[in-house]
Amino acid sequence: MKKFILSMALLVISYTQAQNTLIVDRNVFIDDSPSHVYTTFSTAIANASNGDTILIQPSGGSYGNITINKSITVLGMGYAPELNNGETSQTGNITVSASNVKIAGLDVNGWVSPGNNVTNLLVEDCWLASGAYASATGNANITYRGNVIRNLIYLNASPTNSQNITITNNLIQNLGSSPFQYFNDTTIFNNNIIVSDQAAVGYVIFFSPNNLVCQNNIWLFTNNSLAQVDQSGGTPIIHNNSLTYHYGTATITALNGTGNLDNQNPFFVNIPANNPYWNVDNNYNLGNSSAGNDAGTDGNDVGIYNGYYDFDMRGYPTELPYLTEMSISNNMVPAGTSLNVNLKANANKTN
């Protein structure tokens, strides 16, 4: 099994376009004698150069908190892979202290947070268990796209310190109190599915927004005590071409804006009854009877697919092919001889 994991990594190398690809693998008995294979992320990034790619292999545990201090791409193999015994490329909190960084395909058991003056950060196809940040001084051109985000998204209280933050095509759930803080007029908050599931009366969704316009989102409510996309402080948010639906009995307060679809069932292709939370078998495409079809400001669907975006329920990054089948033709072999493995993989996606 360990040989298979390494072989999968070697297969991936030919698909990457960076200067060099370094592999991090914490699995037992991994052969780390090649110069590009490491057992810890800190050692790998110490040996990386700007422009390189670090591929984090799936394992049965976490690689711990990591810091990305170079302009690199960090890739995992998805947060719900079909193979590999369900093992993921899991990390703890991710701190980014360099600009021009891409993170994709990771199971982040924590948050992603850029430091001061970090710009041009893309976080895509990840599971973010504890939220997403762009709240430091001088954050700009930061994108969270195609992720499952839990708990919160915080920007900086000063709009000049959170410029051009893009939050699109994400499934956002398990919200706490005031989970979306300090969004401003340069923030793009479009084509998300938000499960507003706070259990406490008095919790609000937006805290101190500044001239924010949200578009093409789907807002889902699960608790009868909450039925409003509300805010605390700031200027009134404008919602355009967004859909709201309550899985309980409450009626949702109409959104402020134009083209909205208030209290309309999205008629997803396949989710369990009254349970919009992420599950790998769910299908959040809109069914034929959904009012959200072609109802966005751009004439495409509202929600995470938007008519073109390939939201991946398993978190496979766009750069890599992903395995769908493996068979071993000679599973009993003497030491020192070859193990014959046949692999099938789907080509990498494009977004």
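# A walk through the predicted model

T40 sits in the loop that runs between β2 (37-38) and α2 (41-46). The model is predicted. With a relative accessibility of 31%, T40 counts as partly exposed. The side chain of T40 makes a polar contact with that of S42, at 3.5 Å. T40 and V24 are 16 residues apart along the chain, and their C-alpha atoms are separated by 6.0 Å.

The helix that follows this loop, α2, also appears in the interior. The largest nonpolar core has 54 residues, and α2 supplies the largest share of this core, three residues. The residues with the most contacts inside the core are I54, I68, I103, F180, F189 and F206. For F189, the contacts beyond four places in sequence are I167, I172, F180, F183, I194, F206, C214, Q215, N217 and W219. A second core, separate from this one, has 25 residues, and I193, Y245, Y247 and F268 are among them.

Several of the residues around F189 are also connected through their rings. F180, F183, F189, F206 and W219 are linked into a cluster by ring pairs.

Next comes the sheet. Eight strands form an open sheet in the order β6-β9-β12-β15-β18-β21-β24-β27, with parallel pairing. Strands of a sheet pair through backbone hydrogen bonds, in either a parallel or an antiparallel arrangement. The edges of this sheet are β6 (90-91) and β27 (243-246), each of which pairs on one side only.

At one edge, β6 runs parallel to strand β9 (residues 107-108) and is joined to β9 by two bridges. Here Q90 stands opposite D107 in β9. At the other edge, four bridges join β27 to strand β24 (residues 218-221), and these two strands also run parallel. In this pairing F221 stands opposite H246 in β27.

Which residues cover the two faces of β27? L243 and Y245 lie on one side, T244 and H246 on the other, and all of them are buried. Side chains in a regular strand alternate between the two faces of the sheet. Y245 of this strand is also included in the second nonpolar core.

Two asparagines in loops show how polar side chains are accommodated in the model. N184 lies between β19 (180-181) and β20 (188-190). Is N184 buried or exposed? N184 counts as buried because its relative accessibility is 0%, where the limit for buried is under 20%. A polar atom of the N184 side chain lies 2.9 Å from the backbone oxygen of S162. The same side chain makes a polar contact of 2.7 Å with the side chain of T186. Leaving out residues up to four places away in sequence, N184 touches P159, S162, N210, N211 and L212.

N170 is in the loop between β17 (162-168) and β18 (171-173). N170 is buried, with a relative accessible area of 0%. Its side chain has a polar atom 2.9 Å from the backbone nitrogen of N147, and one 3.0 Å from the backbone oxygen of T168. Beyond neighbours within four places in sequence, N170 is in contact with Y144, R145, G146, N147, I149, N191, N192, I193, I304 and F311. One of these, I193, is included in the second core.

The remaining stop is the aromatic rings. The structure holds 18 aromatic pairs. One of them joins Y133 and Y154 in an edge-to-face arrangement, 5.6 Å centre to centre and with 85° between the planes. This pair links distant parts of the chain, with Y133 in strand β13 (residues 132-134) and Y154 in strand β16 (residues 153-155), 21 residues apart. Y133 is buried, at a relative accessible area of 18%, whereas Y154 counts as partly exposed at 21%.

F268 and Y284 form another edge-to-face pair, with 5.3 Å between centres and 80° between the planes. F268 lies in strand β28 (residues 268-270) and Y284 in strand β29 (residues 283-286), so the pair ties together parts that are 16 residues apart in sequence. Both rings belong to buried residues: F268 has a relative accessible area of 10%, and Y284 has one of 2%. F268 is also included in the second core.

A ring can face a charged side chain as well: R26 lies over the face of Y63, at 6.0 Å from the ring centre.

How values were computed. Residues are numbered from 1 along each chain as its sequence is written. This is a predicted model: local features need pLDDT of at least 70, side-chain atom pairs count only at pLDDT 80 or more; totals for chains, interfaces and linings use all residues. Side-chain values use heavy atoms; hydrogens and water are left out. Rings of Phe, Tyr and Trp (its six-membered ring) pair if their centres lie within 6.5 Å; planes under 30 degrees apart count as stacked, over 60 as edge-to-face and the rest as tilted. Buried means under 20% relative accessible area, exposed over 50%, partly exposed in between (1.4 Å probe, protein chains only). A charge sits over a ring if NZ of Lys or CZ of Arg is within 6 Å of the ring centre and within 35 degrees of the ring normal. A polar contact is a pair of N or O atoms within 3.5 Å; within protein, one must be able to donate a hydrogen and the other to accept it, and residues adjacent in sequence count only if both atoms are side-chain atoms. A nonpolar core is a set of buried Ala, Val, Leu, Ile, Met, Phe, Trp, Tyr and Cys residues joined through side-chain atoms within 4.5 Å. Contact means heavy atoms within 4.5 Å. Two strands pair if DSSP finds at least two bridges between them.
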